[in-house]
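Q: Can we go through the charged pairs in this one? I'd like to know who is paired with whom.

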Amino acid sequence: MQSAAPTTPRAPSRRNLLAGLGLAASAPLLLGATPRVMATQALPITPHAPGSRTVLLRGARLVLTMDPAVGHGPLGTLENADVLIRNGAVAAVGQGLQAPADARIQDLSGKLVMPGFVDAHTHLWQSAIRGGCTDGNLFGWFQRCTDAQRGRLTPATLHSFVRLAALDAIQAGVTTLVDWVDIFAYDLVESYVRALAGTGVRFTYAMYPPKPDGQLVARVKRELVDPVPLGSFHIATHATRSARHLNHAHWETAQELGVMLNSHVLERPEQRADDPLGVLADIGALGPSLLLNHAIHLTEDEIAAVGAHDARAVHCPLSNMRLASGIMPLPAFRRRGVKVGLGLDGGTNDTSDFHALMKTAIGLQRARSMEAGVFPQVEDVLRMATLGGAEALGIADRVGSLTPGKRADLVVLDPAALNFAPRFDWVGQIVFNGRPENIDAVYVDGRPLKLDGRLVDVDTARVVREAEAAAARIRASAY
């Protein structure tokens with residue numbers, strides 16, 4: 001929905017750009033016309049079958065549980081320890097665990113184990129425009145990159161891009177992701193969710209409805225997301241004064257469905273005129289069911305209000321740096337007790353490398369303050385990448401740490417690599433030296449999605465070929 005042009009020209013808000021760029025693609029559905037025909041036969045949305053029910057990860061040289069009650073120090077550190085997985089959950093963590101009779105034993109001698117990364121904000125379909133518009137800020141990137149591709153997406157091409165990006169995230173150690181999606185024609189949403197479910201990643205589909213349409217949103221949640229055991233749902237919005245009625249409708253729908261409201265907020269200073277925090281406060285959304293993405297240009301008073309109401313936030317340092325958007329004031333958020341996770345942010349991140357994301361989160365604060373002791377430090381950013389992200393999403397009772405009883409979402413790192421060895425401080429090396437190729441194994445809900453450095457049951461060459469072909473098709477359709 002596009003608001004009337006203001007008397008004084010100003011940079012467009014992200015929400016207006018998203019709506020304007022997406023409406024053309026979904027117009028047939030909104031007008032009641034027959035949806036586009038799938039280029040491939042529609043298949044039921046089904047998740048991966050479960051893996052081995054009991055797995056013992058034996059003899060890891062270092063385990064970071066992220067639970068001080070299970071290990072030592074704030075990261076829950078254990079040396080020479082085992083992790084027992086049973087029925088998709090962490091059953092036990094400790095030294096010398098007895099192997100159950102039905103256990104498959106995985107020797108992890110010399111390796112590291114920690115919870116999987118939580119990508120709290122991304123846009124997977126934007127893998128279609130990786131590396132694009134590198135000289136543009138947020139508004140230029142949307143106008144020249146996103147607008148040029150979104151309207152030409154089909155269910156088949158979209159499936160290829162989402163699958164490519166989700167598998168890339170998994171191979172880099174991401175076990176949970178939140179995908180903010182402004183694509184809403186039902187056939188496109190169906191293809192999107194099918195691609196996510198087929199990879200085995202734990203995901204949240206954050207749907208941006210372009211108009212107050214609770215029936216469509218409820219249908220997507222009920223028919224497409226709820227049947228996927230690892231899927232969950234958010235209502236996405238972009239708070240602006242000119243679209244307050246739509247933000248209010250989004251918040252009401254989120255409350256009715258019992259899910260979080262997920263909003264971009266003050267990514268650029270020009271968006272200050274939209275008064276997004278004021279809008280969210282006015283509609284009653286400022287609270288623990290609100291997730292604020294970017295949140296770069298908040299005032300001290302606004303950060304205090306976010307903390308006082310227990311709203312949550314996501315920091316996207318690589319994307320913010322790429323688009324010259326600014327630096328989120330993380331120390332101020334910490335002082336106010338705000339729960340903050342990390343996000344890759346899709347196409348403007350250009351990579352699924354969470355090690356680079358953590359390193360950048362530290363480096364930007366040090367560059368701005370010229371103080372090495374500024375928040376976050378290594379332990380802080382490792383927590384933000386795992387348990388902190390789970391806390392921000394309200395799912396820390398299920399994932400984010402290797403606490404017995406939680407779901408077994410974890411990664412195994414191999415430090416015996418040219419970029420990682422020799423051992424000096426492995427905790428610091430995870431952040432400053434680690435790369436996706438050090439991720440030796442990835443488990444989600446106890447199921448191995450990557451083993452011995454390779455994705456399980458995935459023909460990566462075919463995935464790449466299909467994405468390349470999809471990109472060629474949508475670009476050819478422009479002529």
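**Salt bridges**

A: A search of the whole structure finds 24 salt bridges (a side-chain nitrogen of Lys or Arg within 4 Å of a carboxyl oxygen of Asp or Glu). This is a predicted model, where local features need pLDDT of at least 70, side-chain atom pairs count only at pLDDT 80 or more, and totals for chains, interfaces and linings use all residues. Residues are numbered from 1 along each chain as its sequence is written, and side-chain values use heavy atoms, with hydrogens and water left out.

Q: OK, what does E223 pair with?

A: With R219, at 3.0 Å from N to O. The two are four residues apart in helix α5 (residues 214-225), so about one helical turn separates them. Helices here are DSSP runs of H or I, at least four residues, numbered from the N terminus.

Q: Is E223 buried or exposed?

A: In between: E223 is partly exposed at 36% relative accessibility, and R219 is partly exposed at 34%. The cut-offs are under 20% relative accessible area for buried, over 50% for exposed, and partly exposed in between (1.4 Å probe, protein chains only).

Q: Switching topic, what's R268 bound up with?

A: R268 has a salt bridge to E270, with the closest N and O atoms 2.9 Å apart. R268 is buried at 10%, while E270 is partly exposed at 29%.

Q: And which helix holds R462 and E466?

A: Helix α14 (residues 460-476), where they sit four residues apart, about one turn. Their side chains form a salt bridge at 2.9 Å, N to O.

Q: Which residues make up a network?

A: R202, R407, D409 and D445 are linked by salt bridges into one.
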